[in-house]
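The following exercises are intended for a reader new to this structure. Each task is followed by a solution in steps.

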Amino acid sequence: MIYTRPTSIIPLNDAQRLEKLYEYRILDTHSEEAFDKIALLAAQIFNTTSAFISFVDEDRVFLKSNLSLLRNNIIDRRDSLCSLAILEDNVTVFNDTHTSPDLMESPYVAGKDGIRFYAGAPLKSPEGYTVGTVCVVDTVPREVTDSQLDMLKTLSKIIVNKLESRMRYRKSIESQIDLMNIALHEIKNPLASIKLANEILTKDTTKVERMSGMIKACVLRIQSKLSDLLKQAEEDEHRLTLNIEEVDLNEIFNKLLISFELLASRKNQAIQLEHDPKLPKIYADKVKIGDILHNLVSNALKYSYAGTTIRIIATLEDNFIRIEVQDEGQGLSPADISKLYTKFAKLSSKPTGKENSNGLGLSITKSFVELHHGTIEAKSAGKDKGSSFIVSLPLKYEKEDLQEYFG
């Protein structure tokens, strides 16, 4: 049968396919014994001279395993038969490439001792994206059996399972690191409040009772964060989870004002709350909603000038609660906005009171918002014109829509 090359070798889902390929982090890695053994087994099953495990990138094909005389592990996508194989759901077989003129356009087919026989099984991710192939080739035409093709498909599944297992392991490690970063970030503000309370006590002993209560609240917050870290670390799936319950936003707002009273007074700043006390309760993770607002208000105070006002505005819009944290600080440039939620990103704004900043707060905040199926948006008229962060949260969290945060 004469093979007709398709008009385009780019599948319609190529963007999503590439995203999955990059998630595996397999491109441009060194050869590995485990993959080479699978390729060798494929060659033995078909009794061919060569075998490959290939991954099809945007404009090239990377040969993770290369059991052939080919010295280069990178070939052009347009010249590779694997680029054709990923277009098919089943094993692609060319018993004799020289019977199809379209295939002869490839230098790897038309050249001396070129490919006459090819069989490639797609490497299909659990989501259905074909990222590459496990294939066998030979310089002479060959016939294949159903049993051989079934074994090649089995090898392709083994490869994908290995890729998925490695990805899950990597993400579990990254999850642990993120959880530690979150805990470290979240205890910074309580520690700062304890430090300020201690300074006040050394100067004014009449405030012992009030400062003692403040210190106790901060210690409890730190203990809670460390406890959360330990619980998350013990979870088998290593993922952030939500504890959904009925949440009274008035309670969270009041705690927020008390929590930041000392930090705001240090720079003569004011926190102004504008909301309807009759806002409906929401179904969400109470601790994480508190963390979201805690991070936003902390940043507003940190990056605003002395003597300015931070406004917290909460309104009901359809079935969502819209919470806006406005400041009169240094504002955001377009470049800042483009990388706001990137971990450890360096922005043009600097803390105005010599506070510390590690670039994690907004990344964590965005993660918590998205866990609740909400959105977060940043607005600014420009440098030194203040900024606003707007969080929109559904009144009721739908558990069936939950997506795993760390894979």
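**Exercise 1.** Determine where Asp336 is found and which residues it contacts.

Solution. Asp336 is found in helix α11, residues 334-338; helices (H or I, at least four residues) and strands (E, at least two) are DSSP runs, numbered from the N terminus. The model is predicted: local features need pLDDT of at least 70 and side-chain atom pairs count only at pLDDT 80 or more, while totals for chains, interfaces and linings use all residues. Residues are numbered from 1 along each chain as its sequence is written, and side-chain values use heavy atoms, with hydrogens and water left out.

Next, consider the surroundings. Asp336 is buried (under 20% relative accessible area, with exposed over 50% and partly exposed in between; 1.4 Å probe, protein chains only). Asp336 has no salt bridge, that is, no side-chain nitrogen of Lys or Arg within 4 Å of a carboxyl oxygen of Asp or Glu. The nearest side chain of opposite charge is that of Lys383, 4.3 Å away (Lys and Arg count as positive, Asp and Glu as negative; His and the chain ends are not counted). Neighbours within four places in sequence aside, Asp336 is in contact with Leu347, Ser348 and Lys383, contact being heavy atoms within 4.5 Å.

**Exercise 2.** Establish whether helix α12 is largely enclosed, and examine its salt bridge between Lys366 and Glu370.

Solution. Helix α12 spans residues 361-371, and 9 of its 11 residues are buried, so the rest of the structure largely encloses it. Among the buried residues are Leu362, Ile364, Phe368 and Val369.

The side chains of Lys366 and Glu370 form a salt bridge of 2.5 Å, N to O. Because the two are 4 residues apart in helix α12, about one helical turn separates them. Lys366 is partly exposed at 26% relative accessibility, and Glu370 is partly exposed at 42%. Just after α12, His373 takes a positive phi of about 65°.

**Exercise 3.** Which parts of the chain does the salt bridge between Glu274 and Arg311 tie together?

Solution. The side chains of Glu274 and Arg311 meet at 2.7 Å, N to O. Glu274 lies in strand β8 (residues 270-275) and Arg311 in strand β10 (residues 309-317), so the pair ties together parts 37 residues apart in sequence. Glu274 is partly exposed, at 24%, and so is Arg311, at 27%.

To place this pair in context, the structure holds 24 salt bridges. One network of salt bridges links Lys20, Glu23, Glu127 and Glu164.
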